[in-house]
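Reader: I'd like a close look at one part of this model, please. Could you walk me through how the helices there pack and what the backbone does in the loops beside them?

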Amino acid sequence: AKTFRAGDAQPRIRLQGLQGHASMTFAAAVIGLGNIGLGFDDNCSDASRILTHASAFHYHSGFELVAGVDPDPAARQRFTAKFGKPSFAAVSELWTAVSPDVVAVCVPTPLHYAVFREIIAHKPKAVICEKPLAVTLSEGEAMVDAAKTSGSLLAVNYIRRFEPGVLELKRRITSGELGIFYKGVQWYSKGILTNGSHFIDLLSFLFGPATRIQVLQRGRTYAD
């Protein structure tokens with residue numbers, strides 16, 4: 001088992017560990033049909049605007065979107081109407097009808113741990129989780145351990161590692177083409193767990209892991 005962040009390698013399926021199966025089509029399910037699961041591109045009927053997990057799976061040739069899960073009947077109805085696939089009110093109902101290889105966890109953060117525990121009991125090939133991974137460090141570590149035990153891949157959806165421009169930038173940095181970098185600065189909104197973590201991950205991807213962490217000044221708390 002390998003726990004990783006999305007984009008560690010760039011095979012066609014973009015899930016390291018599944019790249020040996022690049023000719024396969026993986027059955028995928030989305031747990032949580034809110035904005036990031038379904039809503040952000042709900043009014044788009046083609047692949048011109050892909051902003052959600054459901055659309056990404058639906059329009060990617062390496063995946064087959066097979067189901068969605070949400071307790072909200074209206075969200076389930078929108079999902080089924082758009083994609084023609086079944087939807088369920090609870091994770092417990094999902095595996096009675098389908099057996100997804102890949103599951104996206106798009107529920108609110110406080111529910112990540114409980115939903116993940118339900119999912120991992122079925123040992124899917126991979127779980128893609130929205131960030132932050134969990135509310136607490138102990139829950140996150142327990143999720144990582146459970147994924148390793150089950151033989152499932154666990155990814156956090158740091159999408160910038162997928163972007164062609166970022167991959168080209170990393171190539172140029174790694175090759176030395178752009179010289180030596182002494183400093184990287186990122187500005188973000190909506191708190192460190194929501195948007196800030198994207199840039200922490202991006203800087204780690206581009207320049208390697210942090211060797212020292214220090215808070216120079218406490219800024220405004222998100223939602224203050």
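Author: Here is a walk through two helix pairs and the loops that go with them. Keep in mind that this is a predicted model.

Let's begin with helix H4, residues 112-120, and helix H5, residues 137-150. Their axes come within 11 Å and cross at roughly 10°. Angles under 35 degrees count as roughly parallel, so H4 and H5 are roughly parallel to each other. On the H4 side, the contact is made by His 112, Tyr 113, Phe 116, Arg 117 and Ile 120. H5 answers with Glu 139, Ala 142, Met 143, Ala 146, Ala 147 and Ser 150. Sort the residues of this H4 and H5 contact by type and you get seven nonpolar, two polar and two charged.

Now for the chain between those two helices. Lys 123 sits in the loop between H4 and strand E5. Its phi is positive, about 55°, even though Lys 123 is not a glycine. That's worth a second glance, because most residues other than glycine have a negative phi. Lys 123 also counts as exposed, because its relative accessibility is 57% and the cut-off for exposed is over 50%.

Carry on past E5, which covers 126-129, and you reach the loop leading to H5, where Pro 132 lies. Here the backbone has another feature to check: the peptide bond from Lys 131 to Pro 132 is cis, with omega near -5°. For context, most peptide bonds are trans.

The other pair is helix H6, residues 164-175, with helix H7, residues 191-207. These axes come within 9 Å and cross at roughly 40°. That angle makes H6 oblique to H7. From H6, the contact draws on Val 166, Leu 167, Leu 169, Lys 170 and Ile 173. From H7 come Leu 202, Phe 205, Leu 206 and Phe 207. By type, the residues in the contact of H6 with H7 are eight nonpolar, no polar and one charged.

The loop between H6 and H7 holds Lys 190. This lysine is not a glycine either, yet Lys 190 has a positive phi of about 70°. With 45% relative accessibility, Lys 190 counts as partly exposed.

So if you're going through the backbone by hand, the spots to look at include the positive phi at Lys 123, the cis bond from Lys 131 to Pro 132 and the positive phi at Lys 190.

Technical notes:
Residues numbered from 1 in each chain as written. Predicted model: local features only at pLDDT ≥ 70, side-chain atom pairs only at ≥ 80, totals over all residues. Heavy atoms only, no water. Axes fitted to C-alpha atoms, helices over the stretch in contact; angles between N-to-C directions. Helix = DSSP H or I, 4+ residues; strand = E, 2+ residues; numbered from the N terminus. Parallel < 35°, antiparallel > 145°, perpendicular 65-115°, else oblique. Contact = heavy atoms within 4.5 Å. Nonpolar A, V, L, I, M, F, W, Y, C, P; charged D, E, K, R; others polar. Buried < 20%, exposed > 50% of the residue type's maximum accessible area, 1.4 Å probe, protein only.
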